[in-house]
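Student: Could you take me through one part of this model slowly, beginning with the place where the ligand sits, and then show me how other parts of the chain are arranged? I would like a careful, connected answer rather than a list.

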Amino acid sequence: MRLASETPIPPSVPTPGYDRAAQAAGIVHIGIGAFHRAHQAVYTDDAMSAGDRDWGIVGVSLRSGDVAAQLNPQDGLYSVSTRSAGGAGLRLVGAVQRVLVAADHPQAVIDAIAAPTTHIVGFTVTEKGYLRGPDGALDLGAAKGASSLYRFVGAGLAARKAAGLPGLTLLSCDNLAGNGAALKALMRQYLAAEYPDLAPWFDSECRCPATMIDRIVPATTETDRAAVETALGARDDGAVVTEAFSQWVIENDFAGPRPRWEKVGAELVADVAPYETAKLRMLNGAHSALAYIGLGKGHDYVHQAIADPAIRPVIERLMRAEAAPTIDAAPGQDLSAYADALLDRFANPALHHRLIQIAMDGSQKIPQRWLETLAWHQERGQHCPSIEAAIAAWIAFLRSDQPVDDPLADKLRAAAAGPYAIERIFGDGGLVASAWRPA
Ligand code: CS2
């Protein structure tokens with residue numbers, strides 16, 4: 001039996017506490033991968049179970065039809081399994097109503113963005129989905145391409161303005177430095193080129209709050225799906241598996257209504273920067289270092305790499321002595337406790353988080369994860385032995401026979417194989433050095 005609205009669910013499994021069929025869609029979410037389903041969709045589901053209404057999510061996949069094929073036959077319903085040393089949890093999430101594949105139905109995506117009920121367009125498109133060129137500015141050629149988020153949002157905003165509808169909140173939930181401001185600047189560059197008349201309306205009617213989003217979500221495996229099927233008594237092709245921990249800090253700057261996410265665990269704050277910077281440089285910085293150093297030492301999973309006595313001190317140093325001092329902490333933000341908590345999360349033996357998943361797209365991740373920390377110390381004449389070891393491990397990874405999944409894979413491999421690898425990758429005009437400057 002395949003999971004769907006009418007499937008009988010074991011009473012021990014929490015289900016949506018609201019009438020799913022009666023909810024309007026208030027959110028369009030572009031990039032409906034496992035991360036969105038395990039994070040923002042869960043907060044939205046909880047907000048509706050707590051009484052909020054009409055925050056159904058229309059999910060959009062820009063290219064792949066996989067998630068649509070998983071979720072549409074299930075009426076958008078799927079399960080979230082949590083795994084930690086303390087135990088396991090299982091629940092259903094009902095916030096997602098349907099999934100559109102932009103490549104197949106572009107107009108349906110534009111119509112969803114332009115719908116009067118829509119107030120928020122969210123994004124989890126990964127770092128490379130923002131289509132930044134080597135100077136950090138929008139790669140306009142790519143942004144005009146068929147699978148660019150800008151095309152759909154631009155056309156949707158134009159339709160809203162033409163219909164006299166209010167603007168939208170564009171909510172970036174990706175691991176970019178200053179994700180809200182970056183999205184705003186990139187969107188403005190696109191509008192200036194394609195819809196010049198829309199730019200002033202965009203400035204006055206739309207908002208792009210910054211967010212810090214955090215939950216570790218390994219890719220779902222067939223073993224995971226089999227375990228869910230046993231527990232649920234139904235097959236769930238859209239199942240996601242994650243840790244118990246979840247955090248969402250959002251800049252309180254919305255164009256219109258929003259779910260009361262703060263009632264269900266999110267923090268709405270005036271300034272996200274200290275949280276976002278700590279997360280990028282400590283959690284994600286450590287993650288990428290674990291990935292390249294760990295793979296080099298023959299490990300497959302995060303929990304194995306952090307248990308390696310040759311690796312753990314490098315990671316501790318990266319977080320505590322290299323990244324933490326660069327962060328201007330918010331009042332009450334305890335970076336030492338944060339590092340302790342991260343080490344525990346990395347050690348979670350119940351979560352099988354593959355290092356190769358984190359190793360993906362290094363050229364897009366390394367600038368905000370390592371280079372900003374490195375630059376801070378260089379200005380003070382200080383070294384960062386852990387980040388330097390991590391960079392060496394990345395170059396060794398590029399030279400190895402491991403698969404390199406990165407938009408710059410060919411160029412990186414060529415640069416890493418030849419002489420002056422560091423200069424060709426990180427030097428002035430190199431492959432990565434300038435790409436990290438905010439747009
Ligand atoms: C990871 C992140 O794959 C990666 O690059 O570092 O996806 C990480 O698991 C999340 O940002 C945690 O919130």
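Tutor: In this predicted model, a polar side-chain atom of K365 lies 2.8 Å from an oxygen atom of the ligand. K279 makes a similar kind of approach, with an N or O atom of its side chain 2.6 Å from an oxygen atom of the ligand, and for H287 the corresponding distance from a side-chain N or O atom to a ligand oxygen is 2.8 Å. These three residues belong to a longer list of surroundings, for the ligand is also surrounded by N175, I213, D214, R215, I216, N284, H353, I358 and R369.

From the ligand we can turn to helix α13, which runs through residues 335-347. Its 13 residues should span 18 Å at 1.5 Å a residue, and the end C-alpha atoms are indeed 18 Å apart, so the expected and computed spans agree. The buried residues of this helix are L335, Y338, A339, L342, L343, R345 and F346. Because they cover an arc of only 165° around the axis, they are on the same side of α13. The general reason such a pattern can arise is that an α-helix has 3.6 residues a turn, so residues three or four places apart point the same way. Among the elements that cover the buried residues of α13 are β8 (211-214), α10 (273-296), α11 (302-307) and α12 (312-323). If you look at the N-terminal end of α13, you will find that D334 caps it, with a side-chain oxygen 3.0 Å from the backbone nitrogen of S336.

Helix α7, residues 179-194, can be read in the same manner: it has 16 residues and reaches 22 Å from its first C-alpha to its last, close to the 22 Å expected at 1.5 Å a residue. Its buried residues are N179, G180, A182, L183, L186, M187, Y190 and L191. They cover an arc of only 160° around the axis, and therefore they are on the same side of α7.

Two of those buried residues, L183 and M187, also appear in the surroundings of L170, a residue in strand β7 (residues 169-172). Leaving aside residues up to four places away in sequence, L170 touches V121, F123, V153, L183, M187, F202, R207, C208 and P209. L170 counts as buried because its relative accessibility is 0%, where the cut-off for buried is under 20%. The C-alpha atoms of L170 and A255 are separated by 8.8 Å, although these residues are 85 residues apart along the chain.

A second buried residue to examine is S386, which lies in helix α16 (residues 385-399). With a relative accessible area of 4%, S386 is buried, and beyond residues up to four places away in sequence it touches V314, R317, L318 and E322.

Charged residues give another way to follow the chain, since side chains of opposite charge can pair when their charged atoms come close. A search of the whole structure finds 23 salt bridges. One of them joins D361 to K128, with the closest N and O atoms 2.6 Å apart. This pair links distant parts of the chain, 233 residues apart, with D361 in the loop between α14 (355-359) and α15 (362-379) and K128 in the loop between β6 (120-123) and α5 (140-143). D361 is buried, with a relative accessible area of 1%, whereas K128 is partly exposed, with a relative accessible area of 32%. Another salt bridge connects E262 with R258, and here the closest N and O atoms are 2.8 Å apart; E262 is partly exposed at a relative accessible area of 35%. In addition, R2, E222, R225, E229, R235 and D237 are linked in a network of salt bridges.

The loop between β6 and α5 deserves a second visit, as it is also the place of L131, which has a positive phi of about 55° although it is not a glycine. This is worth noticing because most residues other than glycine have a negative phi. D54 likewise has a positive phi, of about 65°, without being a glycine. D54 is found in the loop between α2 (40-49) and β2 (56-61), and it is partly exposed, with a relative accessible area of 34%.

Conventions. Residues are numbered from 1 along each chain as its sequence is written. This is a predicted model: local features need pLDDT of at least 70, side-chain atom pairs count only at pLDDT 80 or more; totals for chains, interfaces and linings use all residues. Side-chain values use heavy atoms; hydrogens and water are left out. Helices (H or I, at least four residues) and strands (E, at least two) are DSSP runs, numbered from the N terminus. Buried means under 20% relative accessible area, exposed over 50%, partly exposed in between (1.4 Å probe, protein chains only). Contact means heavy atoms within 4.5 Å. The expected span of a helix is 1.5 Å times one less than its number of residues. The arc is that of the directions from the helix axis to the C-beta atoms. A salt bridge is a side-chain nitrogen of Lys or Arg within 4 Å of a carboxyl oxygen of Asp or Glu. A residue is near a molecule or strand if one of its heavy atoms lies within 4 Å of it. A polar contact is a pair of N or O atoms within 3.5 Å; within protein, one must be able to donate a hydrogen and the other to accept it, and residues adjacent in sequence count only if both atoms are side-chain atoms.
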